Amino acid sequence: MSGFGATGKWEELQTQLPEYLKKHGLDNFRNHTDNALRGYGTIDIDPIDSLNSGKKLRLFEKLLVLTKDKSFFRKVYKRLSWLYLNVTLEQKLESVYVFAKHYGMVNKAKPIELLSDSLIGNPKNVLKKNGNYYTYPLLRSYIQYAQTCNVIDYEKISSILEIGGGFGMQAEVFKKLYPHLEITLIDLPANSYLQKEYLKKQSLNDVKVLLPDKLEENDFDVLWNSISFQVMPKNTV
């Protein structure tokens, strides 16, 4: 995401993302390595995809970038213990799940077992537990929700305005755990398009997705922003 500070680059990607989705749909968007998708919190990045050819890389990292989309080399890469502190990607994901589960219990959040990733978009890294599916974006969104349970009683509030929401995972978590919540998402045009398509695919049509200039004056119980401002140009923020 290092190139996202430049307004021109940001505007270019705002065009690329809808074009990709109109051409390819949602079938594979979370398993795609194109920079047009990577920058919007849309894909389930694993360490091999986080290697950015635009930054200064060591020779071995350059070789990984060149070969990362070849299935044989990806399998080899996933087993390189020096990159994962002697654990596989699967073990790493399971450790995040264990942390999220207990973090939720400590903070008196609703149990993580109430959630399961829809697998829309064909995410790369998936953990199956007791019939449920867990991915990094789902676990991250659950942890962020659990972190606030000590200061927000979600049973007693009625509305959330989320400012910048990736592809809609955080809104999905809120809606599935608290169906009574009225959730409104505001975002840039490309993300808004993706959020509408993704949430519609899950029949979460009552989540409102709006462009900022379409937001009418209203009172919200919670204003939520967790993943976007730090990667936006200042004038966009």
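Reader: In what order do the strands of the open sheet stand?
Author: This is a predicted model, where local features need pLDDT of at least 70, side-chain atom pairs count only at pLDDT 80 or more, and totals for chains, interfaces and linings use all residues. Residues are numbered from 1 along each chain as its sequence is written, and side-chain values use heavy atoms, without hydrogens and water. The open sheet has 4 strands (DSSP E runs of at least two residues, numbered from the N terminus) with parallel pairing (at least two DSSP bridges), in the order 5-4-3-6.

Reader: Why is one side of strand 5 and of strand 6 left without a neighbour in the sheet?
Author: Strand 5 (208–210) and strand 6 (222–224) stand at the edges. One side of each is left open in the sheet because each has a single partner strand.

Reader: By what angle are neighbouring strands of this sheet turned against each other?
Author: Angles run from 0 to 180 degrees between N-to-C directions of axes fitted to C-alpha atoms. With direction ignored, the average for neighbouring strands of this sheet is 20°.

Reader: Which residue of strand 4 is the bridge partner of Glu162?
Author: Strand 3 (residues 159–163) runs parallel to strand 4 (residues 182–186), and 5 bridges join them. For Glu162, the bridge partner in strand 4 is Leu185.

Reader: At about what angle to strand 4 does helix 8 run?
Author: Helix 8 (a DSSP run of H or I, at least four residues) covers residues 169–177. This helix lies across strand 3, strand 4 and strand 6. Against strand 4, helix 8 runs at about 175°.

Technical notes. Contact = heavy atoms within 4.5 Å.
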